[in-house]
Number of protein chains: 2
Amino acid sequence: MDYTFANRIDGLKLSAIREIFKYAADPTVVSLSAGNPAPDAFPADALREISERLMKENPVLALQYGLTEGYAPLRESLKEYMKDDYNIGREFDDLIITSGAQQVMDLMTKALVNEGDEVVCESPSFIGSLNTFRSYGAKLLGVPMDEDGMNMEALEETLRTHDRIKFIYTIPTFQNPSGITMSLSKRKRMYELAKQYNVLILEDNPYGELRYRGETLPTIKSMDEDGIVVYAGSFSKVISPGMRVGWFVAPKAIAQKLIVCKQGSDVHTNMWAQVLCHEFMTKYDFKGHLQYLRQLYSKKAEYTMNLLRENLKGKIKFGEIDGGLFIWCTLPEDVDMPQFVLDAVKAKVCVVPGTAFLTDESEVSHDFRINFSTPTDEQLKKGIEILGTLAEKL
Amino acid sequence: MDYTFANRIDGLKLSAIREIFKYAADPTVVSLSAGNPAPDAFPADALREISERLMKENPVLALQYGLTEGYAPLRESLKEYMKDDYNIGREFDDLIITSGAQQVMDLMTKALVNEGDEVVCESPSFIGSLNTFRSYGAKLLGVPMDEDGMNMEALEETLRTHDRIKFIYTIPTFQNPSGITMSLSKRKRMYELAKQYNVLILEDNPYGELRYRGETLPTIKSMDEDGIVVYAGSFSKVISPGMRVGWFVAPKAIAQKLIVCKQGSDVHTNMWAQVLCHEFMTKYDFKGHLQYLRQLYSKKAEYTMNLLRENLKGKIKFGEIDGGLFIWCTLPEDVDMPQFVLDAVKAKVCVVPGTAFLTDESEVSHDFRINFSTPTDEQLKKGIEILGTLAEKL
C-alpha cells in the first residue's frame, strides 16, 4: 500500500539532535551534543524516599486515572512557586500540568495556529519547538539575535509586515542553543510590541533556575497585565527529564483550549511523576537542590570554558555563559561548518551543527553547539582536545 | 485581548465523560459513569517491589531522558507478547511505546489526516478517540452497529461514496460504549473492504484481555499481510492507567512518521512507567494477573447483570456481556434519554448519555452507558436501585 500522509508533516524530519544521540551511543564517541542533566544532578535519594512512601501508602493515587488539568496539589504548589519566586500568575491566569514543556509547544500550536499561520522565532532556536510549530503547518519567521537577545528592529519589522502571526516564541534566559539572555529593556520592548501588534508571546523558560552568576532578570510573563503571555515551565532540568513533567501559566480562555487538546493527546500526565514533583517541592529542600545544581553546573561550566580557552586558541569563538547548559561556538567565516562537524564525528567527538537550529535550515551557519552538563570531566577534556586539534588545522 | 483559536478545534468540547467525572466527585452521587479500573485491580505489590528496586539500583534509568521510540526492553517484551499471544507483527511492522493508547489516536490523526479528510467510525464509539479525530479537522463518518459489529453493507456504501477516507477506526472487541464484539466473518470482511478501497484500519484493543467467557477472536491486525492495519494496545486496563503507557504496531513507514510526531508532542513516555511495565511483564506473573482481573471483573459483571435484571424489569434493555467494562442500556423509544440521565443525576446516580458517543451528537439516542469496574458492590446496588425506581415511573 502507498501511504499518503498529512500535508502538515510534509518534510518534517526527526530532530537532528536526537538522531545524533544515536551516533553518541557509540561508547568510543565523546558526545557534546546532548542536553541531558548530569547523572549526579538528580535528587535520587529524595525521589526514592517519596516513591517508596507513595507506593506503600497510596499506590492507587499513582496508578489510577487523574484529571487532565493535573494533580491538584502539584498545581497549587507550582502556583505558589510561580507567584512567590517569579511574580507570575494573575487573577486571569491558570496553571496546568503537561507532559514536559514540549507538550506546551504542541498544545499551543494545535490550539492557535492554522496551517499557513506564522510563528515568530529567535533564529537560531530550540529545534524541538521549531519542529513542533512546523508539524502543524506553521510558517516560521526567524528574527536574528543580538548579544542581548532578539533584534527588536527586526522583530518590529516582522510584526509590521506580516498579518498571520499568532505568537512570538522566545527563550529569553540562557537561550538554547545560543546561550544568550535577553536584556530587561528588550523584554519590556517585546512585551510592548506584542501588545501593540496583537500577538501572543510564548515564553519558554527551562533554564531560568540555572543561573551561575549575575543578576536574575524578570520573566516576560511577570510583566503580563494584559493576558498576552503564555509561560512554559519544566522540571526536566531541575528534577528529572525522564519523568516528563512540565506546566504552563496562561490566561484561562487559552488554558481551557489547551486542556481540551491535552485530553485528546494523552488524557493526563503520569501520576507518579506528578506526586513526586509535588512532594519534592513541598516536603524537601527544593531551593537547596536548585542551589546544589547551580554549584554543580557552574563548576562544570568553568572547567569547560577553561578547556575551550586552552584548546581553541582564538580559532573558534565561543560565548561566555552565566547559566544554562550550552556553549555556542562560531567557526571562522571561511570554514565549512557541516564539514567541520562531520570531521569531528569521525574524530570521535559529537557536536550539534548550527543549521539544526535555524528557522530556515537552508541558510548558512558557522556555528555549532556544545553541551557540558552530560559529559564527565574526562569526556569534556578529551572531546575539547579533539576539537582543538581540528581547530589547529583551520 | 481577543484570542483567536485554530479552526481545527472550533466547537471541540471537553469530553462529556470527563466533565461528568466532576459531578461524580460529589461523594453522595453514585458514579456509574467512569471507566476506571477497580482499585483492587492494580498489581500494586509487584509494582511497589519493582519501583523500589529500580529507584535503588538504577534511578538514572528512571530519571534521565529516554528515546522517543520507547524503552528498548519494553518494546522487545511487547513484540514477543504481541507475536506469541496475538500473532501480531510482521517483518514490515514496528512496535512503538506511546503515552497511553490515546496518544496513538492523536499521532495517527496528526500524521495522516488533512483537515476535511474523513475517518470512518463505529457509531456509537469511544468519545476520546472521536474528539481526537475532530481536533485535527477530520470529518467523522459514522457507521451503525449490528449485534455482531459494524454493519458491513453500510461500511461498503460509505467507502464507495466517499473519497477522502484515511482510515476506519474500530474497537472490535468489547467495544466502548456498546459492549459489542465484532464477529470473525465481519473482521475478515472489514479487512478485505479496507484493502479493496485502499484505506487503513486503526484497531483499538484496550479490552481484549478482559474476556470473561466465550472464545477469543483473532484481531484484525493478526490478518494483516498487506500493511494496512495499525494496532493500538494499552496497559491502562490491565496494569495501570495512571502510568499512561500504551503502544502501537504499525508498518514501519507509518511508524516512522508517528515517531516524528511523538517527538514533537512529548519527546518520550515516562521512563519509570515503561521500566515497571517491562519488569512486570517479564519477571512477574503477568498472565496470572490477567487471569485474576478476568475473575475479579467477571464476578462484578455477573453481580451487576443480576442487579439490572432484578431492578430494570424489562423497562430498560441492556446487553449481555462477555468482557470489557461497560454495559449499554437502551430506553424505550418514547422516553427522552437526556431528561432521564438528568433525572438520574438528580437522584444521585451518574451514567453517560449515549449522545456523547455519537459521531454526530445532534442525532437522537435512547441509550446510556454504565460501568461496573469502578463502583463498589454497594454502590452498584444503590445506583442500579435508583435507576430501577426511575424505570418504574416510565
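**Contacts between chains and between domains**

In this predicted model, 67 residues of chain B are in contact with 67 residues of chain A, where contact is taken to mean that the C-beta atoms of two residues, placed from the backbone, lie within 7 Å. On the side of chain B that touches chain A, two or more residues come from each of helix H2 (44-57), helix H3 (59-63), helix H5 (102-112), helix H6 (127-134), helix H9 (252-265) and helix H10 (271-283) of chain B. Of these elements, H9(B) gives the most to the side that touches chain A, with 9 residues. When the residues of this side of chain B are sorted by class, 32 are nonpolar, 24 are polar and 11 are charged.

A further set of contacts lies within chain A, which is divided into domain 1, made of the segments 7-43 and 288-392, and domain 2, which covers 58-283. The centres of domain 1 and domain 2 of chain A, taken over C-alpha atoms, are separated by 24 Å, and 33 residues of domain 1 are in contact with 34 residues of domain 2 of this chain. On the side of domain 1 of chain A that touches domain 2, at least two residues are supplied by each of helix H1 (16-24), helix H11 (286-312) and strand S11 (326-330) of chain A. H11(A) gives the most to this side of domain 1, with 6 residues, and by class the side of domain 1 that touches domain 2 has 19 nonpolar, 9 polar and 5 charged residues.

Methods: Residues numbered from 1 in each chain as written. Chains lettered and ligands numbered in written order. Predicted model: local features only at pLDDT ≥ 70, side-chain atom pairs only at ≥ 80, totals over all residues. Helix = DSSP H or I, 4+ residues; strand = E, 2+ residues; numbered from the N terminus. Nonpolar A, V, L, I, M, F, W, Y, C, P; charged D, E, K, R; others polar. Domains from an automatic or database assignment.
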